[in-house]
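Colleague: Please take one part of this chain, the hairpin, and walk me through it closely, together with the segments on either side. I would also like to know how far the model can be trusted there.

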Amino acid sequence: MAAVLICVEILSLFEVSSGSTTTSWEHHIRADLLENYDRKVRPVFRGKREVEVLFALRVSRLVKVDNQEQVVVLDTWVIQEWKNEFLTWNASEYGYVQRIHFAPHEIWVPDIALFNNGDDEINLAGDQASL
Ligand SMILES: *[C@@H]1O[C@H](CO)[C@@H](O)[C@H](O)[C@H]1NC(C)=O
């Protein structure tokens, strides 16, 4: 009789833990923010015009300098920073979670391309090229 009770308790523990992983704070924030979110719309409230994007290029490695071809190959990080006014939440209502991650294809990203980029395949924000 005692063994049966223990089994039931273990099962209910699993239910509780699996239930809480599918409804984490991050899950709630993502669900609430992405509901009715349109990634094609610039992330500014009505009345405001431009989205300010901070843009930085950080060279991490000089790969090659080819004098004859006149080509310099660099490994770089492209850092872009902007505020998305639609993707904000009150941390005290979401377990004090301050930061969550989105994939570039889920949200609006700046449509910035490097002019004279040597590699046509490179796309700065991981979005499909539209130019
Ligand atoms: C965030 O939520 C808390 C609790 O509901 C509330 O007291 C506080 O005023 C809210 N802050 C903002 C900036 O809305």
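Modeller: Among the contacts in the chain with a separation of 6 or more, 52% join residues 24 or more positions apart, where a contact means that two C-beta atoms, placed from the backbone, lie within 7 Å. This is a predicted model, in which local features need a pLDDT of at least 70 and side-chain atom pairs count only at pLDDT 80 or more, while totals for chains, interfaces and linings use all residues. Residues are numbered from 1 along each chain as its sequence is written.

On trust, the mean pLDDT of the chain is 79, with 70% of its residues at 70 or more; pLDDT is the predictor's confidence in each residue, from 0 to 100. Among the elements, helix H2 (residues 25–34) has the highest mean, 94, and helix H1 (residues 2–22) the lowest, 44. Over residues 1–19 the pLDDT is below 50, and this stretch has 0 contacts in the model beyond near neighbours in sequence.

The elements run α-α-β-β from the N terminus, where helices (H or I, at least four residues) and strands (E, at least two) are DSSP runs numbered from that end. The hairpin itself is made of strand E1 (residues 54–66) and strand E2 (residues 71–81), which pair in the antiparallel sense over 11 bridges; strands pair if DSSP finds at least two bridges between them. Asp66 stands opposite Val71 in E2, and the hairpin has 4 residues between its strands, with Gln70 taking a positive phi near 55°. E1 is hardly covered, since the count of buried residues among its 13 residues is 0. A residue is called buried if 20 or more other C-beta atoms lie within 10 Å of its own, exposed if 12 or fewer, and partly exposed in between. Of the 131 residues of the chain, 2% count as buried.

As for the flanking segments, Val44 lies in the loop between H2 and E1 and is partly exposed because 17 other C-beta atoms lie within 10 Å. Leaving aside residues up to four places away in sequence, Val44 touches Val51 and Glu85, and its C-alpha atom is separated by 8.5 Å from that of Lys83, 39 residues apart along the chain. In the segment after E2 sits Val109, which counts as buried because it has 21 C-beta neighbours inside 10 Å. The C-alpha atoms of Val109 and Pro43 are separated by 9.2 Å, although these residues are 66 residues apart along the chain.
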